[in-house]
Amino acid sequence: MSGGAIVELVWIEKQIEHWIRFGRIARTTIQSRSRSTVAFDPGAVFAFVRWQANDFGTAESRIDILRAPRAGEPYATVPHVTPGGDSLLRLSGWPKIERVLQFADAIEALGIEPADAATDYWRHVHNRLSAGLEPRGYTAAQHRAWLLRQTCSPAPHATSAGSAL
């Protein structure tokens, strides 16, 4: 694979529900009424929500916000995502998932696609919610700074003092 990610989606009402909350889908392949796959280009950010029930109620609920890997980049493996992705956020439990969805809604209310938000912001949300703390809200000024940062070329590699030139 030359980069990117493929996500398997399943929707069996009130049993298994896997869906994409946000992200720019490059391709969709429908396999049946309840199954499909979606593909994301390398570098694309997306939110993948998984929910499953059993006879006693919710058995699993998770959200992963991932950045699809570019060719040769390391990535974390995630069920139903091939090959995986750079994990920006990974939480389980419906109350935490609901908070993440509310943050995505708040970003959209600013007129910003959540997939375009600073990747560091999603890591911040993950860390704060994991610690039981309230994350800061995303701002238009923070987004402008993120966009400007994306236009800068990376810093040249510094040579160590002991290396010969």
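# Group meeting: a walk from helix α1

Let's start on the outside of helix α1: Pro95 and Ala109 are exposed and sit on the face turned away from the helix's buried side. Before I go on, please keep in mind that this is a predicted model.

So what does the other side of α1 hold? Its buried residues are Ile97, Val100, Leu101, Phe103, Ala104 and Ile107. They share one side of α1, because the arc they cover around the axis is only 155°. As for what lies over them, the cover includes strands β2 (16–22), β6 (57–67) and β8 (81–92), along with helix α2 (119–130).

The helix itself runs from residue 94 to residue 109, which is 16 residues. From first C-alpha to last it reaches 22 Å, close to the 22 Å expected at 1.5 Å a residue. After α1 comes Gly111, with a positive phi near 85°.

Let me step back for the overall picture. The protein has three helices and eight strands. In sequence order, the pattern reads β-β-β-β-β-β-β-β-α-α-α. The C-alpha trace spans about 65 × 40 × 30 Å along its principal axes. There are 165 residues, and 38% of them count as buried. Take the contacts between residues at least 6 apart in sequence: 57% of these join residues at least 24 apart.

A word on the surface, too. The accessible area is about 9,700 Å², and carbon and sulfur atoms account for 53% of it. On the charge side, I have 18 positive and 16 negative side chains, with the centres of the two sets 4 Å apart.

Now back to the helices, and on to α2. How does its span agree with its twelve residues? At 1.5 Å a residue they should cover 16 Å, and the end C-alpha atoms are 17 Å apart, which agrees. The buried residues here are Thr119, Tyr121, Trp122, His124, Val125 and Leu129. They pack against strands β2, β5, β6 and β8, and also against helices α1 and α3 (140–151). You may remember that α2 was part of the cover over the buried residues of α1. Just after α2 there is another glycine to look at, Gly132, which has a positive phi of about 75°.

Let's move into the strands and pick out two residues. The first stop is Phe48, in strand β5 (residues 45–54). Buried or exposed? Phe48 is buried, with 0% relative accessibility. Leaving out residues up to four places away in sequence, Phe48 touches Val7, Glu8, Leu9, His18, Trp19, Ile20, Arg62, Ile63, Asp64, Pro79, His80 and Val81. If you look for Ile65, it is 17 residues from Phe48 along the chain, and their C-alpha atoms are separated by 6.3 Å.

The next stop is Ser61, in strand β6. Ser61 is buried as well, at 8% relative accessibility. Beyond its neighbours within four places in sequence, Ser61 is in contact with Arg50, Trp51, Leu91, Ser92, Gly93, Trp94 and Ile97. Ile97 takes us right back to α1, where it is one of the buried residues. For another distance from Ser61, try Glu13: the two are 48 residues apart along the chain, with 15 Å between their C-alpha atoms.

I'd like to finish with some backbone details. Which residues are joined by a cis peptide bond? They are Thr82 and Pro83, with omega about 0°. Pro83 belongs to strand β8.

Then there are two residues with positive phi that are not glycines. Lys14 has a phi of about 65°, and its place is the loop between β1 (5–12) and β2. With a relative accessibility of 63%, Lys14 counts as exposed. The other is His80, whose phi is near 75°. You'll find His80 in the loop between β7 (76–78) and β8. His80 is partly exposed, at 32% relative accessible area. We met His80 a moment ago, among the residues that Phe48 touches.

That's the tour, so please turn the model around and tell me where you'd like to look again.

Notes:
Residues are numbered from 1 along each chain as its sequence is written. This is a predicted model: local features need pLDDT of at least 70, side-chain atom pairs count only at pLDDT 80 or more; totals for chains, interfaces and linings use all residues. Side-chain values use heavy atoms; hydrogens and water are left out. Helices (H or I, at least four residues) and strands (E, at least two) are DSSP runs, numbered from the N terminus. Buried means under 20% relative accessible area, exposed over 50%, partly exposed in between (1.4 Å probe, protein chains only). Contact means heavy atoms within 4.5 Å. Accessible areas come from the Shrake-Rupley method with a 1.4 Å probe; for residues, only the protein chains shown count as cover. Lys and Arg count as positive and Asp and Glu as negative; His and the chain ends are not counted. The place of a charge is taken as NZ of Lys, CZ of Arg, CG of Asp or CD of Glu. The expected span of a helix is 1.5 Å times one less than its number of residues. The arc is that of the directions from the helix axis to the C-beta atoms.
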